[in-house]
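This report is written for someone meeting the structure for the first time. It starts from a single residue, turns to the salt bridges, and ends with the two domains.

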Amino acid sequence: MKKLKWLLASTAFCTSPVMAEMLDLEKDELTLGFIKLTDMAPLAIAYENGYFEDEGLFVTLEAQANWKVLLDGVIDGQLDGAHMLAGQPLAATIGYGTQAHIITPFSMDLNGNGITVSNDIWEQMRPHVPLMDDGRPQHPISAAALAPVVKDYQDQGVPFNMGMVFPVSTHNYELRYWLAAGGLEPGYYSPDDVSGQIGADVYLSVTPPPQMPSTMEAGTIFGYCVGEPWNQQAVFKNIGVPVITDYEIWRNNPEKVFGLSAEFAEENPNTTIALTKALIRAAIWLDENENANREDAVEILARSEYVGADAEVIANSMTGTFEYEKGDVRDVPDFNVFFRYNATYPFYSDAIWYLTQMRRWGQIAEPKSDEWFFETAQSVYQPDIYLKAARLLVDDGMAEEADFPWDSDGFKAPTPADHVIDAIAYDGRTPNAYLDSLPIGLKGDQTIAGSTIQN
């Protein structure tokens, strides 16, 4: 555990331009939670570069055992805020799993995940994967290449098990999206069966991120979807092969968010803005000058108090490359995006995509109107807080006016079909029409009754 030392007597600190604009904080001692993944980087950088300190905040960063413990900590007040799965504030607010109004004023990153299979599964997939002229696999690799492998396991009566990190994680939805795009059923949830395995061809279960490689090596799961560095760890340990990144599943997809309770934000509005300012500065630093600071970020993240993995493993994806098979290193400059493409702005359309996936797989059991999707997104994602923080940074000369979507209505332009693995476009303004366009998954008035879809 580390704590910032704030030297009030420092002349330089007292006369800095930041101090001239410092907010009147309602609470200045904060404990923030995170999981040991590289996309917690904005928190680590805001701490190490003194951005929290510039805002007058005494911050303690605490690694959490798993996502449930982290969410519970924010709900019960042990944590003032946290690095969160984007689905967690939404699920909690609608009462899926737990009931609590959680908000986010800051989206932490885009992309950053991958799907890895064991060496044995990869060897069985390889005959079904197209090759480039140089003999290497052609990416992106469709789950259609996995389908005959799954069929063989089914014929032998062996369940095909894969891991994801949490029921409302991006990883769960990305893995399901990839499987469904390849014609495989990833299973459904119902109010009576929250396993998510109703009607499944592939059985998905929760495994904490750092345990993914060892769980696959033990044969408990045959593959997984997780954030870094745990895909690259499988390559370095020579136990698995990442077959696709989430950038290839849905280009520049939203990933983690910074979450707080709505009560905290209401009681501490200036503190919430100050936190958001510090995180925006960290995101800018992580992406500025074409990722020039990433090597320094890797050194910080490798420390035991943050991710605690080998710097070489973290650098494999954090610095603009990604290694699929051992030695097959390819340029993926946008594998981790922290500020480019308005990555930090909490778009309603991002929230709505998560809600559509909850509905698609039965976590939202009953049909909902488009208006319900809009209202739910607006109750959780808080671009107004974000823009207040951004405006102060611009006024302080710490950010550029042109880097923020001041006139946004909260919706991104539709994601074009050629940016998505199944070639189906996404428009957050039409959630039910989007659900209707997906061949596998609940749509319209469909529900799950027992083990079947009811129309």
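In which strand does Asn336 lie? In this predicted model, Asn336 belongs to strand E17, which covers residues 336-337. Its relative accessibility is 1%, so Asn336 counts as buried. Setting aside residues up to four places away in sequence, Asn336 touches Thr38, Leu110, Gly112, Arg294, Ser317 and Met318.

A second buried position is found in strand E5 (residues 102-107), which contains Pro105. With a relative accessible area of 1%, Pro105 is buried, and beyond its neighbours within four places in sequence it is in contact with Phe258, Leu260, Thr272, Thr276, Pro346, Gln382, Ile385 and Tyr386. Pro105 and Leu275 are 170 residues apart in sequence, while their C-alpha atoms are 9.5 Å apart in space.

Helix H3 (residues 41-48) is mostly covered as well, since 7 of its 8 residues are buried; these are Ala41, Pro42, Leu43, Ala44, Ile45, Ala46 and Tyr47. After H3 comes Gly50, which has a positive phi near 80 degrees.

**Salt bridges**

Side chains of opposite charge can pair when their charged atoms come close. The count for this model comes to 22 salt bridges, and the table gives some of them.

| Pair | N to O distance |
|---|---|
| Lys256 and Asp39 | 2.6 Å |
| Asp334 and Arg340 | 2.9 Å |
| Arg136 and Asp328 | 2.9 Å |
| Arg391 and Asp395 | 3.8 Å |

Why does the pair of Lys256 and Asp39 tie together parts that are 217 residues apart in sequence? Lys256 lies in strand E14 (residues 256-261), whereas Asp39 lies in the loop between strand E2 (29-34) and H3, so the bridge ties together these two parts of the chain. Lys256 is buried, with a relative accessible area of 0%, and Asp39 is buried too, at 2%.

In the pair of Asp334 and Arg340, Asp334 is buried with a relative accessible area of 11%, but Arg340, at 22% relative accessibility, counts as partly exposed.

The pair of Arg391 and Asp395 sits within helix H19 (residues 383-395), where the two residues are 4 residues apart and therefore separated by about one helical turn. Arg391 counts as partly exposed at 29% relative accessibility, while Asp395 is exposed, with a relative accessible area of 53%. Elsewhere, Asp134, Arg136, Asp328 and Arg330 are joined into one network by salt bridges that share partners.

**The two domains**

How is the chain divided into domains? The domain assignment gives domain 1, made of 29-111, 254-346 and 382-412, and domain 2, made of 113-250. The centres of domain 1 and domain 2, taken over C-alpha atoms, are separated by 26 Å, and the contact between them takes 32 residues from domain 1 and 33 residues from domain 2.

Between them the two domains bury about 3,000 Å², of which 63% is on carbon and sulfur atoms. The interface of domain 1 and domain 2 holds 2 salt bridges, and 11 residue pairs are in polar contact between these domains. On the side of domain 1 that touches domain 2, the elements giving two or more residues are helix H5 (67-76), helix H6 (87-94), helix H16 (311-318), strand E15 (321-323) and strand E16 (329-331). H16 gives the most to this side, with 5 residues, and the residues of the side as a whole divide into 15 nonpolar, 6 polar and 11 charged.

Methods. Residues are numbered from 1 along each chain as its sequence is written. This is a predicted model: local features need pLDDT of at least 70, side-chain atom pairs count only at pLDDT 80 or more; totals for chains, interfaces and linings use all residues. Side-chain values use heavy atoms; hydrogens and water are left out. Domain bounds come from an automatic or database domain assignment. Contact means heavy atoms within 4.5 Å. Buried area is the accessible area (1.4 Å probe) that two parts lose on being put together, summed over both. A salt bridge is a side-chain nitrogen of Lys or Arg within 4 Å of a carboxyl oxygen of Asp or Glu. A polar contact is a pair of N or O atoms within 3.5 Å; within protein, one must be able to donate a hydrogen and the other to accept it, and residues adjacent in sequence count only if both atoms are side-chain atoms. Ala, Val, Leu, Ile, Met, Phe, Trp, Tyr, Cys and Pro count as nonpolar, Asp, Glu, Lys and Arg as charged, and the others, Gly among them, as polar. Buried means under 20% relative accessible area, exposed over 50%, partly exposed in between (1.4 Å probe, protein chains only).
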